[in-house]
Amino acid sequence: MNYGAVSWRSKTGPGEIPEGGWIYCEHVGNKSFPRRARRAIVALMNGTERDEGAAFEDWEQRPLSERASAPAPYLAELNPAQQAAVEALDGPVLVLAGAGTGKTRVLTTRLAHLIHNQRAWPSQILAVTFTNKAAREMKERIGELVGGAVEGMPWLGTFHAVCARILRRHAELVGLKSTFTILDTDDQIRLIKQLLSAANVDEKRWPARMFAAMVDRWKNRAQGPGQVPPDECGFANGRGAEFYAAYQARLKTLNAVDFGDLLLHVVQIFQNHEDVLKEYQKRFKYILVDEYQDTNIAQYLWLRLLAAEHRNICCVGDDDQSIYGWRGAEVGNILRFERDFEGAQVIRLEQNYRSTPHILAAASGVIAANKDRLGKTLWTEAGEGEKVRLIGHWDSDEEARWIGEEIEAMARGTRGHAALSLDGMAILVRASFQMRAFEDRFVAIGLAYRVLGGPRFYERLEIRDAMAYFRVAVSPDDGLAFERIVNTPKRGLGDKAQQAINAIARDNGVSLLEAARIAVETGEGLSKRAARALGDLVAGFDRWHAELGAADADHVEIAGRMLDESGYTAMWQADKAPDAPGRLENLRELVQALEEFENLQGFLEHVSLVMDNASDEAGAKVSIMTLHGAKGLEFPAIFLPGWEDGLFPSQRTMDESGAKGLEEERRLAYVGLTRARAHLCISFAANRHKFGRWESSLPSRFIDELPPAHVEVLTPPGLYGGGYGASAPGGGGYGAAATAQLIDPHDTGQGSVLEARAASASTYNSPGWRRMAARRAKHGLGQPREARGVVIDAGAAGRLEPGSRVFHQKFGYGRVREIEGDKLTVAFEKAGEKKVVASYVTEAGKASGADEVPF
DNA sequence: CATCAGAATGTTTTT
DNA sequence: CATTCTGATG
């Protein structure tokens, strides 16, 4: 690969290790900075190619000067609180950064400040985040501030990535080899299933997922198999801890770890090996933690151990945005910070640069209902802006339709403000199934959208299969990967054959691949056909492994060939399923992605930790994502649909975690509200399409918590809503609240909402509304389904006939095979045969100016 | 041993 | 409803 000219600059000029500055790297053509290029720089610096680690060690040994090497222009751009947060370099610091108060900015500036003042070399600073996105963003922004020293910051990353790095160095201390593989959830479940079925545990009564969840919980608390509290061992009749131990042992023999292990093992190493701990305590002169409110107990212990020496730990977070409790996060960590780190400074960032006062007030109003808070008061200098809008709908389809129209209006600029780009708008949902209604609707009206955080590239079936091939080729001992692909594509190696291989592996204490080799030689338990197929496979892996080991190995080419030679590519080519072409395309993409890496190992390591989505395509699009996924983002316009009790707050969370769960849901609402800069619209629907059933619900209790003064209620005098003249009698409840806009799609056309906006003065809390909502909901359930949805353009169906070529937004081109009323059966070229509604397709191959329309 | 049909089953959020 | 799992059949 060509990295272009790798050049570097420093304050001292080329050829010397920069003493008063930092390395500045430029590279051409590649986004991620490849290791090889970094080595080139180190070699340049030293005049010789040397071990990169050693080179940096050398560098670190040089004395740090005490004073700043240059003025710090970036400080002037910060407000006083932000400055304080940046400049409080010594001792423990907690920065309570409310939403939109410039948290990332403070964090990155602080990091730059440390480097700028030469308090520490970049490699002596530990900076941890939760998501890869956050880590990447931080790298980029520091790059802008400091000018490219980031590559000298090896300890900036997610908790998991940093732990993986540490664990690789000390793997032997916990009985692993440093080449251990990191299991993903899928492998983990498969492994547990094997374990349980081997022990004759009824998989129905004690599902593997459940056990995985328990293991996760334990690991989040840094509890090894011996430390599990006895009352939590109820699994499989009190054998929980026993299986936990067995699971851990199994992982060890496989030389593998799961996500939780990354932290657990490192914490245990720190606890049991003082020398190792000391080394890292010394190394990390400064520690920065992003999103501290999301840390779990294991991460907390990890940080405490590491910070014990220098005590220069700075945690940034917002207790009001703690939304990962279900994943083991402990809000308690941030609430307890001052006690945990004696003499800690607490700095509050309260000036909000993002939202208008109305939006801020709405968010504050909601979050104020929570009890467990450190408390902050956000304020802004921004001008009034428009109120938060609130609207109710008859059902989820209507909601999607209305939002679609609203978005189009905003994009056109016919909503009373300047036209907004689609990129500036986002729909934030509680649960991903809500996305569907929007996707369907937007496809129908041709509105460009993008789903963030959807199914991830690396989680797709074909990608994981392909990676299993890579894994076995790289490390032949990877039994889980081998198991995954022995019979994919079909090689006639079914249960019987696999059991035979397993037995051999167990009896001889060898890996599955070795066992397979033995099986081929002895022919034990295999049919002739099977033996031959297995022999081919084993030979294939031998060959690929050898090829990858060669000095001039072209891993991209080998990987591609591996998929071809194994018959995997052919399998999909032969598959006539509609998604087969897409899968092949994904495989091509995968192989292409390998180019970014020096070798397959590097790629696999990257993938196991960075389960990122493929980068989003260009073009202005509305974003659709979950509330969780929206944390840290902001948009000029935000839509928050589905504010209904049971959905949001989620029934399940409340059932599982009670009042605590409700508070977390409320924080989630707070996160959602504070994503908006200028325009915010909350909506709810009386009926919702869920698992093919219609479900009815009442407006979310959070709606009652919105301060009325900052909310504009869009309440058309709906068919059923009017007439409840009085607002709620004193005290609680939402004063001038909306009546659900109960427009029944059977009776009305679409989109009458915009015109009908006069406020009525009823309240959701009124008994009348509830009664009415319940009645309508029941009624709605019995309605015939066909009439729902878009009004069918009879003309469209009329002029189509079997054989017509049509175009569909989602499926592309195809030919009509059958017509039943408004439903078409279309054989799509890419997507295969689908049933679609006639109005969703257009006749293909005709100019938009209807020239030959037979009317 | 593969394939298919029908049933079961599950859907919040993720490193 | 959409995927995964099961069991019956070829």
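Colleague: How far is a base oxygen of DNA strand B from an N or O atom in the side chain of Thr653?
Modeller: This is a predicted model: local features need pLDDT of at least 70 and side-chain atom pairs pLDDT 80 or more, while totals for chains, interfaces and linings use all residues. Residues are numbered from 1 along each chain as its sequence is written, chains are lettered from A and ligands numbered from 1 in the order written, and side-chain values use heavy atoms, without hydrogens and water. The Thr653 pair is a polar contact (two N or O atoms within 3.5 Å), with a distance of 2.9 Å.

Colleague: Which residue has a side-chain N or O atom 2.5 Å from a phosphate oxygen of DNA strand B?
Modeller: Arg327 has a polar side-chain atom 2.8 Å from a sugar or linking oxygen of that strand. The phosphate oxygen pairs with Arg652.

Colleague: Which elements give two or more residues to the surface near DNA strand B?
Modeller: A residue is near if one of its heavy atoms lies within 4 Å, and helices are DSSP runs (H or I) of at least four residues. That surface divides into 6 nonpolar, 9 polar (Gly among them) and 7 charged (Asp, Glu, Lys, Arg) residues. The elements are α21 (495–508) and α29 (651–673).

Colleague: Which helix gives the largest share of the lining of the second largest pocket?
Modeller: A pocket is an open set of points on a 1 Å grid where a 1.4 Å probe fits, with protein on both sides within 12 Å along at least five of seven lines, and lining residues have an atom within 4 Å of a point. α10 (240–253), α20 (479–485) and α21 are among the helices supplying at least two lining residues each. The largest share, 8 residues, comes from α7.

Definitions and conventions: Polar contact = N/O pair within 3.5 Å; in protein donor to acceptor, adjacent residues only side chain to side chain.
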